[in-house]
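The following report looks at metal sites, aromatic contacts and strand pairing in one protein model, which should be read alongside the coordinates.

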Amino acid sequence: MKRRTFLKRSLAALALAGAGSSGLSLLGKSGFATQAIAGDFSKPLPIPPLLENLDTSGKSALFAMNVQRGNVNFFPDKTTSTLGYNGNFLGPTIRVRNGQRFQIKVNNTLPQVTTLHWHGLHVPARWDGGPRQPIPAGTTWNPDFVINQEAATLWYHPHAMGLTGEQVYHGLAGLFLIEDEVSDNLDIPKNYGVDDIPLVIQDRRFFADGQFAYVQNMHDVMNGVIGNYILVNGTREPTLTVPKGQVRLRLLNGSNSSIYRIGFDDKRNFHVIASDGGFLERPVPMNNIRLSAGERAEILVDFSGESAFALISLLVEQMGSRTFEAMRIAVKGTAEVTALVQSLRKTEKIPEGEASVHRSFIMETMSMGRGRMGMGMMGRRLTINGKKMDINRIDEQVKIGSTEIWEITNRSAMMMSMPHSMHLHDVQFQILSRNGRLPALHEQGRKDTVLIMPGETVRIISRFHDYTGVYMYHCHLLEHEDDGMMGQFEVVT
Ligand code: C2O
Ligand code: CU
Ligand code: CU
């Protein structure tokens, strides 16, 4: 394809969206840096390195990681203070196998507390890395457990009380991949960084001096901090070069609170092969996929016989309409996999009748009444079942080995309507229904995070097996979580 046609096509993909119009005007306020119209796209997409296994026999997984401060030049003439794992921004990809013993030494070199949570992992409560497992400044944390889960694209991030959003925003996040016999034997791309590409997608807002503009006011807490620059694997406007054939993209919406609709500028079809908790039964064709903060999907894209370029564009749904061109794709060389896999993994559907307990959860923005603050932003409270997080309170007790159905409703009054999501630690659940209907095919696999739009009710079913202890459930819009939209369930014998 000629360069000129390509440029025209990429520009056509620029536009961004949402519910409130206030979001956009906020971004336009002076003091914040704004995105240039025409991108650069000269930088190759960086691939997070695989974290080196210190057990050279490979029998067990033995890792070490530093949580540290860093600096990044997101703009050529400005330096941004960041946080990273073993580097300046984001962290290496941790890759383990089902059944493997996993040990990691996490060394917190920051001047403040952090934690390290394995998002999506079925893990003993004491090694969950939630707010109950703080790693104080200058100390190390040494989890040691056995991976007990099928192949999946999970991720890790900090989870200290009230600090999650800020620490993730500054760069603390990374991918956590589990492989097993099924993922080994499927005829899908699995050459990490070559035809099996991790894409950590995030958005950021900057001050004019280049520093991250994190929460500034109550508006940011309520709507989530939505950025005006897209980063893929920590880089603005990169180009990914892929071989001609089938390419697997492991998508993580690594943003704090944004909802992305991910697709290609030419609206080409792709196939979703995995959701949060691993493979679907068979590939699901789509041409765009909605992911809320924390959700993952693996997709297969066929780049054979196509024009030399394609791109990804994103829609951030909370704000006024606009699509970002996140990344360009160039095709070079030949891929190992050229045919589309037909079936992936048989997954047992948990029968509804198996559930012995039903619970309901109302996610709500409550008004704190009138008076001096009136009905404005300042008078709002984000709650689950009318409560805010209290680490000294156990909200729900779940019997080990039991199956439960949780019905979650986003009940937002008209003037306060905003999306929420529900994320559970410890388990992978299945979505039974969205507003009484079966979820879309790509949402019928294992999930750990589910988006719930205003007025929606989602029913999920899960088994609570193997481990006792206290775990979190919360909205994964990190500004909501930090504000207290979180509760604790304890699995008991
Ligand atoms: Cu991704 Cu409780 O976390
Ligand atoms: Cu989690
Ligand atoms: Cu929320």
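Cys-475 has a relative accessible area of 0% in this predicted model, and because the limit for a buried residue is under 20%, Cys-475 counts as buried. The SG atom of Cys-475 is one of the protein donors of the copper ion (ligand 3), alongside ND1 of His-420 and ND1 of His-480, and these donors lie 2.0 to 2.2 Å from the metal. Along the chain the donors of this ion follow the spacing H-x54-C-x4-H, and His-480, at 0% relative accessibility, is likewise buried.

The copper ion (ligand 2) has as its protein donors the NE2 atoms of His-117 and His-423, lying 1.9 Å from the ion. This pair links distant parts of the chain, since His-117 belongs to strand E6 (residues 117-119) and His-423 to strand E27 (residues 420-424), with the two positions 306 residues apart in the numbering. His-117 is buried at 1% relative accessibility, and His-423 is also buried, at 1%.

Turning to the aromatic residues, a search of the whole structure finds 27 aromatic pairs. Two of the pairs involve Trp-118 and are set out below.

| Pair | Centre to centre | Angle between planes | Geometry |
|---|---|---|---|
| Phe-102 and Trp-118 | 5.3 Å | 90 degrees | edge-to-face |
| Trp-118 and Phe-176 | 5.5 Å | 55 degrees | tilted |

Phe-102 lies in strand E5 (residues 101-108) and Trp-118 in strand E6, so their contact ties together parts that are 16 residues apart in sequence. Phe-176 lies in strand E10 (residues 174-179), so its pairing with Trp-118 ties together parts that are 58 residues apart. Phe-102 and Trp-118 are both buried, and Phe-176 is buried as well.

Elsewhere, one aromatic cluster is formed by Phe-74, Phe-75, Phe-89, Tyr-169, Phe-206, Phe-212, Tyr-214 and Tyr-229. Arg-204 lies over the face of one of these rings, that of Tyr-169, at 4.4 Å from the ring centre, while the charged end of Arg-204 also sits over the ring of Phe-212, 5.8 Å from its centre.

Finally, which strands pair with E31 (residues 457-463) in the antiparallel sense? Strand E26 (residues 403-411) does so over seven bridges, with Thr-409 standing opposite Thr-457 of E31. Strand E28 (residues 429-434) is joined to E31 by four bridges, and these two strands also run antiparallel; here Ser-433 has Arg-459 of E31 as its bridge partner.

Methods: Residues are numbered from 1 along each chain as its sequence is written. Chains are lettered from A and ligands numbered from 1 in the order in which they are written. This is a predicted model: local features need pLDDT of at least 70, side-chain atom pairs count only at pLDDT 80 or more; totals for chains, interfaces and linings use all residues. Side-chain values use heavy atoms; hydrogens and water are left out. Two strands pair if DSSP finds at least two bridges between them. Donors are N, O and S atoms within 2.8 Å of the metal (3.2 Å for Na, K and Ca); water is not among the atoms, so sites may look incomplete. Buried means under 20% relative accessible area, exposed over 50%, partly exposed in between (1.4 Å probe, protein chains only). Rings of Phe, Tyr and Trp (its six-membered ring) pair if their centres lie within 6.5 Å; planes under 30 degrees apart count as stacked, over 60 as edge-to-face and the rest as tilted. A charge sits over a ring if NZ of Lys or CZ of Arg is within 6 Å of the ring centre and within 35 degrees of the ring normal.
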